[in-house]
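Hi everyone, thanks for coming. Let's look at where a ligand sits in a protein, and then at a pocket. Here it is on the screen.

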Amino acid sequence: VIRCRAAVAWAVGKPLSVEEVEVSPPKAGEVRVKIVATGICRTDDHVLEGCFPNVVFPVIPGHEGAGIVESVGEGVTSVKPGDKVIPLCLPQCGGCSFCLNPESNYCVKSHVSEPQNLLPDKTSRFTCKGKQIHHFLWVSTFAEYTVMPEYAVAKIDAAAPLDKVCLLGCGFPTGYGAAINTAKVKPGSTCAIFGVGGVGLSVVMGCKAAGASRIIAVDINKDKFAKAKELGATDCISPQDFKKPIQEVLTEMTGHGVDYSFEAIGHVDTLTAALASCNMNTGVCVMVGVPASGSVISIDPMLLLSGRTWKGTLLGGWKMRDCIPTLVSSYLEKKFNSDVLISHTLPIAKVNEGFELLRAGK
Ligand code: NAD
Ligand code: ZN
């Protein structure tokens with residue numbers, strides 16, 4: 001058993017509490033990882049707010065990390081102690097019908113199919129003050145040591161800087177892949193991205209890499225525009241600067257709407273606006289943001305009847321175990337610069353300050 005620090009969420013709406021926790025050794029088919037760095041994704045904040053009814057408290061959140069394998073359980077062959085790895089918040093078991101389908105990046109072992117509050121054998125590897133603490137998406141990267149199934153971890157290049165490539169565990173591949181895998185943005189096309197936080201900026205990078213000629217960033221926080229422009233946005237607009245709905249503004253700016261629109265906020269109203277902003281006949285709208293569970297969207301059916309395509313994406317469509325190591329290699333080859341997404345670096349003791357910065361749009 002390893003004793004280490006972890007940021008524990010004891011109850012909905014409470015700040016995280018950095019505690020000493022005990023982390024049990026990995027059982028058969030499991031891997032124990034020393035987490036070196038983790039990002040904070042808006043999805044972690046959704047957890048603290050209680051937006052995920054299937055997350056059981058107390059829980060250790062965090063799902064965008066990178067680390068080093070400390071030990072492995074019986075039967076684990078794909079990683080060994082000392083290997084650099086990225087934990088996968090969307091696993092790839094390799095055997096289910098989704099994993100066997102080359103078109104799919106989903107896996108039946110994912111949290112959408114079964115809650116990941118406990119490891120597959122329905123027990124937890126974490127305790128704190130004598131209480132069992134739950135896992136989050138199996139990876140719980142807000143702990144200095146964490147345990148996950150072998151199929152929820154990917155071995156990466158030994159040269160990878162873990163404090164940088166942790167973002168390849170969620171935010172960056174989600175946004176980048178939404179553009180290149182899910183939407184399949186074509187060269188010369190026009191794109192609009194609603195919300196340019198970490199995920200939306202990664203969509204901007206994906207649209208740029210795919211050769212889009214016009215990339216319009218839409219955000220109510222104008223402080224986000226400098227980075228969006230640096231990464232390839234050609235226009236940046238705030239819905240608050242217009243009297244008319246933003247979909248009408250975008251339609252006028254582009255003639256018949258954009259070819260591809262992306263929603264990376266997670267609000268029902270911006271999801272509908274993003275759909276209405278793309279070309280009525282050939283436009284593709286990708287839902288990336290996660291709306292609060294139980295949300296319902298009502299739309300005018302003509303929006304789809306006229307030919308638009310509306311899609312969602314989980315982690316940007318990547319088969320995670322296969323693709324994350326390749327993305328890390330591309331990062332090392334400087335094919336993209338996800339470092340631009342890093343705004344602050346804090347020690348684990350200041351994790352709540354990190355969430356304050358996220359909520360303040362910083
Ligand atoms: P973030 O908070 O960093 O970014 C959200 C951005 O939206 C901010 O810049 C904010 O100013 C802007 N915004 C808020 N309300 C707006 C409005 N009404 N109009 C325009 N802009 C508005 O969040 P993030 O970490 O980039 O995550 C974005 C979303 O993506 C979240 O909902 C998150 O849960 C989701 N997400 C989805 C997946 C997936 O697999 N689909 C993976 C990771 C994250
Ligand atoms: Zn699977």
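So, how far is an oxygen atom of ligand 1 from an N or O atom in the side chain of H46? That distance is 3.2 Å, and it fits our cut-off for a polar contact, a pair of N or O atoms within 3.5 Å. A backbone N or O atom of G198 is also 3.2 Å from a ligand oxygen, and for a polar backbone atom of L315 the distance is 2.8 Å. On its own, ligand 1 exposes 870 Å², and the protein buries 88% of that (Shrake-Rupley areas, 1.4 Å probe).

Quick housekeeping. This is a predicted model, where local features need pLDDT of at least 70 and side-chain atom pairs count only at 80 or more, while totals for chains, interfaces and linings use all residues. Residues are numbered from 1 along each chain as written, chains are lettered from A and ligands numbered from 1 in the order written, and side-chain values use heavy atoms, without hydrogens and water.

Back to the ligand: 25 residues are around it, and R42, T43, V199, D219 and L315 come nearest (near means a heavy atom within 4 Å). Helix α1 gives the most to this shell, three residues (a helix is a DSSP run of H or I, at least four residues). Why is the ligand between two domains? Because domain 1 (2–169 + 319–360) and domain 2 (174–314) both give residues to its shell; those bounds come from an automatic or database domain assignment.

How values were computed. Polar contact = N/O pair within 3.5 Å; in protein donor to acceptor, adjacent residues only side chain to side chain. Helix = DSSP H or I, 4+ residues; strand = E, 2+ residues; numbered from the N terminus.
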